[in-house]
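The following explanation concerns side-chain contacts and burial in a protein model. Please consult the sequence and the coordinates while reading.

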Amino acid sequence: MSELKAQFSVLKQTTDPAVADAIVRLIENGEDHELNRVNVLEFSKVNGLDEEQAISGFLHASRLGLFDLTWNVLCPGCSGVLDAHDTLKSLRSEDYHCGLCACGYEPSVDEQVEVAFTVSPKVRRIAAHDPNTLPLWEYYKQVFWSSGIDLDGSSFAALTEEVALDALELPAGERAVLSLQLPPQFIIAFEPVTHSAHFIDVQGDPTKERQQLSLIYNKSHPPTGSITMRPGPLRLSLENQAGVRTLPTVFIAADGLHAMLGRRRPFLTAKRMLSNQTFRDVFRADNLNIDQRLKITSLTFLFTDLKGSTALYERVGDLVAFDLVRAHFRALLEIISSEKGAVVKTIGDAVMATFLKPEHAIAAGLRMRAAMDALNAERGTGDLVVKIGIHEGPCLAVMLNERQDYFGQTVNIAARVQGLATSQAIHVTGGVVDTPEVSALLRKQAIEPIQKQAALRGIADKVLVYEIP
């Protein structure tokens, strides 16, 4: 107990006080299921907390050993957890297959990898630490489906009463028989532990003759396939050779199931985590393997550079210039973090940062320009002139020089766009300006972008660029 109190004390020193108090209350008083795969965005909403501060708080709590951080690969169709990893380094680049949806997916960190937090068994033991002991429907709720599925009381009742024809717990090595009455609908005999499914297309004239189907569950070759049957009685024989308890469930794949799976809520994605400053600072060594290449379909890059820094050192001397450059960096890094961005790296007097959305990058750029004006006004000079470039698009998350970095044409274009600036200006590509959120932000500040056609070094085609005056 004294060690736990010490961990709580450190958490309160490193985390926003309201967030730290909410996390401590959760650990001490939360129900077991509330401490398993915590959806941080939902947690922040329920407790009236800032999302970024809540994410930072759980990251610090994980670093202290209060929670275990997991990266869960999700099926984009049903939001089932196809695999769970304790580090992003374990994420495979090849397809993950969903038995329930009968589809394979190449994992994308945009929306297909969920970051969740489960209380450490050293801090508090909960039922989900031994998932094979969970009741059948709790297994679905706490293990199979992600924290992005909103399974409240009504949707859970629909699952057990309307969507499922039958379900049972089948211990290892045992057999069972289900007697079912097949409706004229599409049926899925699904097993979430081995993640296998057998599809029954029920059609044609009803029959009174008992139909037969046998399924054997094992880890090497779980049952998958499809069969056509007629409406009427079915004798479903089940055998468990998987070595662990299985949970065969017969679903009606109709509107009820689709409606339940459509009840989605936001969750913390791997893309957002990779663009979180606290994660980059605290888990610096636990990002990616050197050979990993994770696809990101959309990320916004912001590059800055300090104009005339060499001349500045000549003009005011090394010591004064160094202090000025440090002040400039402090201002930029604070703005990036507060606008939900993260610094990828600094190169000399330049900064490379990422943002989840273009409007966050634009807001950061405008604030950076104002911050430089304020620093110059303090000194009565115009020494600090920052050039800014912004571009959004697909990229690869990689490891370069022992640092999580990004690679691809989007990164190249963003850097080249920054190079167009010759004064304290912001240059952005057309796709960024065209987004409704950016357009609304510029209108609110009465800013009219100036359109340009630019030839960027190393880029074959001209790029539509706007200057933000």
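Cys-395 counts as buried in this predicted model, because its relative accessibility is 6%, below the 20% limit for burial. Cys-98 is also classed as buried, with a relative accessibility of 0%. A disulfide is a covalent bond between the sulfur atoms of two cysteines. How many disulfides does the structure hold? The number is zero. Cys-98 accordingly takes part in no disulfide, and the nearest cysteine sulfur, which belongs to Cys-75, lies 3.6 Å away. A disulfide would require the two sulfur atoms to lie within 2.5 Å, so a separation of 3.6 Å does not qualify.

The aromatic side chains present another picture. The structure contains 14 aromatic pairs. One of these joins Trp-137 and Phe-251, whose ring centres are 6.5 Å apart. The planes of these two rings meet at 55°, and the pair is therefore tilted, because stacked pairs need an angle under 30 degrees and edge-to-face pairs one over 60. Trp-137 belongs to helix H5, which covers residues 136-144, whereas Phe-251 belongs to strand S13, which covers residues 249-252. The pair thus ties together parts that are 114 residues apart in sequence. Both partners are buried: Trp-137 has a relative accessibility of 19%, and Phe-251 has one of 1%.

A second pair is formed by Phe-279 and Phe-283, with ring centres 5.6 Å apart. Their planes make an angle of 20°, so this pair is stacked. Phe-279 is buried at a relative accessible area of 1%, and Phe-283 is buried at 9%. Phe-283 has a further contact, with a charged side chain: the charged end of Arg-63 sits over its ring, 5.2 Å from the ring centre.

Trp-137 leads back to a wider arrangement of rings. Which residues do the ring pairs link into a cluster with Trp-137? They are Tyr-140, Phe-144, Trp-145, Phe-190 and Phe-251. Helix H5, in which Trp-137 lies, is mostly covered, with seven of its nine residues buried. The buried residues of H5 include the cluster members Trp-137, Tyr-140 and Phe-144. Leu-136, Tyr-139, Gln-142 and Val-143 are likewise buried in this helix.

Note on methods. Residues numbered from 1 in each chain as written. Predicted model: local features only at pLDDT ≥ 70, side-chain atom pairs only at ≥ 80, totals over all residues. Heavy atoms only, no water. Phe/Tyr/Trp six-rings, centres within 6.5 Å; stacked < 30°, edge-to-face > 60°. Helix = DSSP H or I, 4+ residues; strand = E, 2+ residues; numbered from the N terminus. Buried < 20%, exposed > 50% of the residue type's maximum accessible area, 1.4 Å probe, protein only. Lys NZ or Arg CZ within 6 Å of the ring centre and 35° of its normal.
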